[in-house]
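Colleague: Could you please take me through one part of this model in detail, namely the place where the two chains meet and the helix beside it? I am a first-year student, so kindly explain each term as you use it.

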Amino acid sequence: MVLEATMICIDNSEWMRNGDYSPSRFQAQADAVNLLCGAKTQSNPENTVGILTMAGKQVRVLTTPTSDLGKILSCMHGLEVGGEMNLSAGIQVAQLALKHRQNKNQKQRIIVFAGSPVQYDKTMLETIGKKLKKNNVSLDIVDFGEDEEGKLEKLDALFASVNSNESSHIIHIPPGGAAISTALMSTPVFTGDGEGGSGFAAAAAAGGGNFDFGVDPNLDPELALALRVSMEEERARQEAAAKRAADEAAREEKGEPSNSQDATMVGKAAEAINNASEPMDEVNALLQQAIALSMENSGSDPSVHDSEMAEATNEDQDLAMALQISIQEAAKDSSSQSDMSKVLEDPSFMPSVLASLPGVDLNDPSVKELLASLQGQSESKQKKEDNPPSDGK
Amino acid sequence: MACLHDHSCEDHDCSSNWSLYKHIDLPKVSALNEAVPGSAKSVFKPWEHRLNSSEEHLESNEGDPELLVYIPFTSDVKIKSIAIIGGTDGTSPSKMRAFINRDGIDFSDAQNMQAVQEWDLVENLNGLLEFQTRYAKFQSVASITLHFPDNFGGDTSQIHYIGFKGEATQLKRDVVATIVYELMPNPSDHKTKAESGGGFSQVE
């Protein structure tokens, strides 16, 4: 998200007719430039990008730094290939264009696509590099295409003299491999010095289909972020649960009576749920939720459930893990739960609530059973709290 | 034009005179040709700490003694004099040129433009030397850019402290913040008093 003004120096010399990058060096370069402009303008809406061509009769500025992506893309049309690349003049004109940028708060960056041989000698390039460094201009060099002897050295020397604090980069793209644009996408040229255009790059790469959660991070960043965060939370919780299950499996379980009590309560509540199915289906859902909550409450003393879990683990790993996860969840927000539990345990409250629900008849035997189980559970909870917890600590 | 303090500084607190450092907008201070980006901020400190050489200082790149420091203030100030503490071994700057209220100056601009004032500096390691300004020209300074073109022969230039003496006004030199440009006039934007239903309209 760095605020930047960028000048892109395009090589449109004769050497760009070559086909070792498909369809031609020039086309591959143009694609890369288009992608780069998009990434820069996306990463910060106030970023500006300008383009100039280095070869031909003279260095020509196609557009001064602007944030209008359409203008930038349209000026890439109709470019002619010919002449020789003039690297030094190109960089100097780019520097001048950046000097006169409208927003002086933007950092200055020049991106050079060097596809043809470099005529200038190393010392001259080093002076240019020093001048750029002195004026706090970063330089990214994309070396592709013609691999003339000494070109690599010269570009490396230029890079070394310009680089201050890792803000400049040099990338070498060999022919025959991936296209220039794809090769660039993983480099710091695209992604900036930290994160940055990675969202755009991912969008471009996936072509709209392969997002992690089926949500385009560009279209709906908050949703994508929320999904990602909840995914990581769930993963972390499952890992912790798996670890605990492994620990419990090695422990001796004690506390049979409490186990049986829990078992009967589970059985009773399940029964009650099953029985109360016909007349009140939506009410049922509410009741089930209430019961589930109160069931979790009974397990809010985690040590008791530890022993139960150990037993269950031997029988059914998945069920145990699922139960553990829900228990842990309950244990986590036990404060809110305890309020709920107090409400649920109040013997007069539940009947009054149930009476107010439509379709629930307090005299219905299944409802009565349900109430009894809830109240019984609250009494047993009292008993458990009285007994000093002794099992499975 | 330089003057030495004609009293010993232990008697009274000189730091109150050099209090303009509080009005410097530190996050926006920038420098060109510094070896360590961001080190320019470290040279602005209270008068008492001016000799603390343990902290960072501003150093130029190897082999290039030029330095350019851009200092914006949080409100308009009047600058009476400037104190500079340089480095040892010829790394102290030898000349200082000041530009007022211009931002975005780089080295080529600085070399071509006429400075508001120029000084020949001396090696001044304890900061008691101050360089007076032509006060009339430094009356409402929102930002000052100091250009140090040369030093006393060292490989780099070092600056350990820059202090400003003067007064701060409470005024802010405001840029016009929100401007709305009209390409074509839109009558609905320009309601007359009669249309908006208020005010007396006098008919003579």
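Modeller: **The interface and helix α4 of chain A**

Chain A has 16 helices and six strands, where helices (H or I, at least four residues) and strands (E, at least two) are DSSP runs numbered from the N terminus. This is a predicted model, in which local features need pLDDT of at least 70 and side-chain atom pairs count only at pLDDT 80 or more, while totals for chains, interfaces and linings use all residues. Residues are numbered from 1 along each chain as its sequence is written, chains are lettered from A and ligands numbered from 1 in the order in which they are written, and side-chain values use heavy atoms, with hydrogens and water left out.

Of the 393 residues in chain A, 44% are buried; buried means under 20% relative accessible area, exposed over 50%, and partly exposed in between (1.4 Å probe, protein chains only).

Let us turn to the interface. Seven residues of chain A are in contact with eleven residues of chain B, contact meaning heavy atoms within 4.5 Å. About 770 Å² is buried between chain A and chain B, and carbon and sulfur atoms give 49% of this area. Buried area is the accessible area (1.4 Å probe) that two parts lose on being put together, summed over both. On the side of chain A, the residues that lose the most area to chain B are A:Lys99, A:Lys134 and A:Asn135, together 66% of what that side buries.

Four salt bridges are counted between chain A and chain B, each a side-chain nitrogen of Lys or Arg within 4 Å of a carboxyl oxygen of Asp or Glu. One of them joins A:Lys99 to B:Asp109, with the closest N and O atoms 3.0 Å apart.

Next comes the helix. Helix α4 of chain A covers residues 122-134, has 13 residues and reaches 18 Å from its first C-alpha to its last, close to the 18 Å expected at 1.5 Å a residue; the expected span is 1.5 Å times one less than the number of residues. Its buried residues are A:Leu125, A:Ile128, A:Gly129, A:Leu132 and A:Lys134. An α-helix has 3.6 residues a turn, so residues three or four places apart point the same way. The cover over the buried residues of α4(A) includes α3 (87-99) and β4 (107-114) of chain A, together with β2 (30-32) and α1 (107-112) of chain B. After α4(A) comes A:Asn136, which has a positive phi, near 65 degrees.
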